[in-house]
Amino acid sequence: MAKSLIIVESPAKARTITKYLGRGYTVMASIGHVKDLPTSKLGVDIDHDFEPQYVTIKGKAKVLAEIKKKAQEVDTVYLAPDPDREGEAIAWHIAQEIGGKPKGGKAKDSDRKVYRVLFNEITESAIKRALQSPGQIDLNLVNAQQARRVLDRIVGYQGSQLLWKKVRRGLSMGRVQSVAVKLICDRERERDAFRAEEYWSITAVLAGANPPPFEAKLHSVNGRDAEIASAQEAARLVAAVQDKDFVVQSIERKEKRRNPVAPFITSRLQQEAARKLRFTPKKTMTLAQQLYEGLEIGKEGPVGLITYMRTDSPRISTEAAEEARQVVRERFGNEYLPATPNVYKTQKAAQEAHEAVRPTSAHRDPESIKQFLEKDQYQLYKLIWNRFIASQMAPAVLEVTRVDSVPQGTSEAYVFRANGTVVKFPGHTAVYLEGKDAELAAQSRKADQETDDESERRLPSLTEGERLRFVSQEGQTVPGLTSKQHFTQPPPRYNEALLIRELEEKGIGRPSTYASIISTIQDRKYVDKVEGRFVPTETGKTVNDFLVKGLPDILNADFTSLMEKELDEVEEGEKPWVTAVRDFYHPFSKDMEKAKDIPGPKDTVEPPTDVPCEKCGRMMEIKWGRNGKFLACPGYKDDPPCKNTQNFEKLPDGTIKIVAKQDMTTDQKCEKCGSPMVIKTGRFGKFIACSAYPECKTTKPLPLGVKCPQDGGDLAQKRSKKGRTFFACSNYPKCEFAIWDRPVNKPCPSCKAPFLVEKSSKQAGVTVQCRNEDCGYREAS
């Protein structure tokens, strides 16, 4: 019989760990948190030091009972959830539960030892090393998690109640998510207020004694930066220099060293995966979790491929650095190795004392395991492996050349500048080059005049005083010269990488929470993603406008950042968690009282519009619904009611323009009349209806693209007699398969179930997980 019990969060991690240990160990999975605040009430006793009232999470009673039973049969229990705040809280809750008296005369409490062990990576050496030197639960970490959970619950519960009362039912508020929405709304206002300015550039194509010809752009006029505001000014400058002889005025050469970047921390991993792989932060963290917990690698079985993926620290162990250097030496040679291992320091005190995100073995290169990984897993692993190896390589050496050329015989002093870059030694760039946010550079008027140091651009061999000539090319304004019109660009909308960067720079949230923040604000329809960019919805703008007036401190980025620092002090043992919560709650509760007296959209009565109802002739009114504002006939309360509604948009001059409802066509025919079926949008979402309505009122639910596991029919959304949404087979009543949770057309990567499901709650938002409770798979948020 096993004498030791190891408890982790996920079944995948349990399988990997089991492979490395002998018969003396049993490994069980808690499948995430086992206890949390109740979903049906606040669950925090504000009057008694914010005492949280934890309850066993629905569906976890069986898991917890099995853990408690097994714990009574062993001598030693090792609590091994993830090495972070959440993991520490899970360990703490389980420790409290297994502290009860044993049954049946088995191991006594005094005999049973309970330890906390940390696995920064799921490898045989790391697991055995951790078991040889176990520790105790870090109550500072537990308190830090508890403080965040209590704060988020208070804001989420009380703030959401305020929104329900002042805006509309079904809305939610979050301590950090609301600040993220404000950033996106603020950026949209900046864009609305932006007015593009015209400017011009002038480029000369010149050639000296040696090929090739090169481009030089007008840099300055009479010693001042060239700012060309109009076509007339550009034409004047072109006329002033055309047909003139050019001479090389000066040549400046300098060597530039470009150092490698540090291995990934969580936020940088999310940003780079968004830039290079187009992964959402949620997808990145889900894949990283899979790589960390272990995947089947042929005959090796389950193998943990990367270190823990939630970290603020770029630190790596001495052994890992030496292994990376060995790979560099073997693949590239000694010249690509710095004299000593590269060491990277954090810009601020790391929130979690881990290593950087790196491969568990530098020798396990991406190509050697590609056949065992799914495409996305392989791409993310390759990104992590490349960055880690490059971080231990020598700097790249670039030769940067700047050539200034001037026209002869002009009344004003014109300088045309050309920049060239030659890579003399690639160094770390032979493996990895960090992505850039090109949108930020595009705002600069000089962006198109500057050469990227990392892209090679050769200039011909030139000497100072050398005479140059124009080179004619097709499409030029005049032979040898091109004037080009440009316009300044508005501030770019945020994408995932830019938003994470902004959150990080302002100290809002923590890297481990960025993925859930971005996922939540989309799930709750506060922002839409349009062409890869975040745009606030009508709902998002309305909620943000009210919260800015009603709860200014909560929406203040500096206040939120200061609160994060206080929570970090709790984690470091420098401040009691109750004090930190109280420091937040006092201004929050005052703002809440004031906000109750501030008019919201529900309190504002919109006057009737001048748009008549096409059914009864009354003037339509502006109403507010789950998808924003819409026009409704005031006769909806009459008997019989007029339920006519219309979508609309307000033009810049304030007039209302009706937006016609467009029904999407399908290839289906009505079973009753043979007319084409179309997709319509109603009060409860989209559905399929006969295009001959109102003569034919045939309707049917819209399939979700997920097949029924019992008979292969289409699963569709339906409503019960009490109005509750559920999902059932379209072949009902022949097939009676039905579930409450929305199906997601994606097989479970853990147990291979045909589809996953969405679980939704006010506090956690929407999570995607396996419907098989014994599997326990959940996508990381």
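## Exercises on strands, helices and burial

Strand β1 contains Ser4; helices (H or I, at least four residues) and strands (E, at least two) are DSSP runs, numbered from the N terminus. The model is predicted, so local features are given only at pLDDT of at least 70 and side-chain atom pairs only at pLDDT 80 or more, while totals for chains, interfaces and linings use all residues. Residues are numbered from 1 along each chain as its sequence is written, and side-chain values use heavy atoms, with hydrogens and water left out.

### Exercise 1: Ser4 and its strand

Determine whether Ser4 is buried or exposed, and which residues it touches beyond its neighbours within four places in sequence.

Step 1. Ser4 has a relative accessibility of 10%, and is therefore buried. The classes are buried (under 20% relative accessible area), exposed (over 50%) and partly exposed (in between), with a 1.4 Å probe and protein chains only.

Step 2. Contact means heavy atoms within 4.5 Å. Beyond four places in sequence, Ser4 meets Gly24, Tyr25, Thr26, Val74, Thr76 and Tyr78.

Step 3. The rest of the strand can now be added. In β1, 5 of the 5 residues are buried. Ser4, Ile6 and Val8 point to one side of β1, Leu5 and Ile7 to the other, and all are buried.

### Exercise 2: The sheet around β1

Work out the strand order of the open sheet of 4 strands, and find which strands stand at its edges.

Step 1. Start with one partner of β1. Two strands pair if DSSP finds at least two bridges between them. β1 (residues 4–8) and β2 run parallel and are joined by 5 bridges. Ser4 is opposite Tyr25 of β2, and Ile7 has Met28 of β2 as its bridge partner.

Step 2. Take the other partner, β7 (residues 76–79): β1 pairs with β7 in the parallel sense over 4 bridges. Leu5 is opposite Val77 in β7.

Step 3. Put the strands in order. The open sheet reads β2-β1-β7-β8, with parallel pairing. β2 (25–29) and β8 (113–116) are the edge strands; each has a single partner strand, so one side of each lacks a neighbour in the sheet. From one strand to the next, the twist averages 20 degrees.

### Exercise 3: α5 against α17

Describe how helices α5 and α17 pack, giving angle and axis distance, and classify the residues in contact.

Step 1. Axes are lines fitted to C-alpha atoms, for helices over the stretch in contact, and angles run from 0 to 180 degrees between N-to-C directions. For α5 (residues 139–166) and α17 (residues 557–571), the angle is about 150 degrees and the axes are 7 Å apart.

Step 2. This makes α5 roughly antiparallel to α17. The cut-offs are under 35 degrees for roughly parallel, over 145 for roughly antiparallel and 65 to 115 for roughly perpendicular, with the rest oblique.

Step 3. On the α5 side, the contact residues are Asn140, Leu141, Asn143, Ala144, Ala147, Arg148 and Leu151. On the α17 side, they are Met563, Glu564, Leu567, Asp568, Val570 and Glu571.

Step 4. The contact of α5 with α17 has 7 nonpolar, 2 polar and 4 charged residues. Ala, Val, Leu, Ile, Met, Phe, Trp, Tyr, Cys and Pro count as nonpolar, Asp, Glu, Lys and Arg as charged, and the others, Gly among them, as polar.

### Exercise 4: Two loop residues

For Cys616 and Phe737, locate the loop that holds each residue, then describe the surroundings.

Step 1. Cys616 sits in the loop between α18 (577–595) and β21 (621–625). Its relative accessible area is 39%, which puts Cys616 in the partly exposed class.

Step 2. Outside four places in sequence, Cys616 is in contact with Cys633 and Cys642. Between Cys616 and Lys657 there are 19 Å from C-alpha to C-alpha, at a sequence distance of 41 residues.

Step 3. Phe737 belongs to the loop between β31 (725–729) and β32 (738–739). With 7% relative accessibility, Phe737 is buried.

Step 4. Beyond four places in sequence, the residues touched by Phe737 include Cys708, Pro709, Leu715, Phe727, Phe755 and Arg771. Asp711 is 26 residues from Phe737 along the chain, and their C-alpha atoms are 8.9 Å apart.

### Exercise 5: The whole chain

State how many helices and strands the protein chain has, and what share of its residues is buried.

Step 1. The protein chain has 18 helices and 35 strands.

Step 2. Of its 781 residues, 50% are buried.
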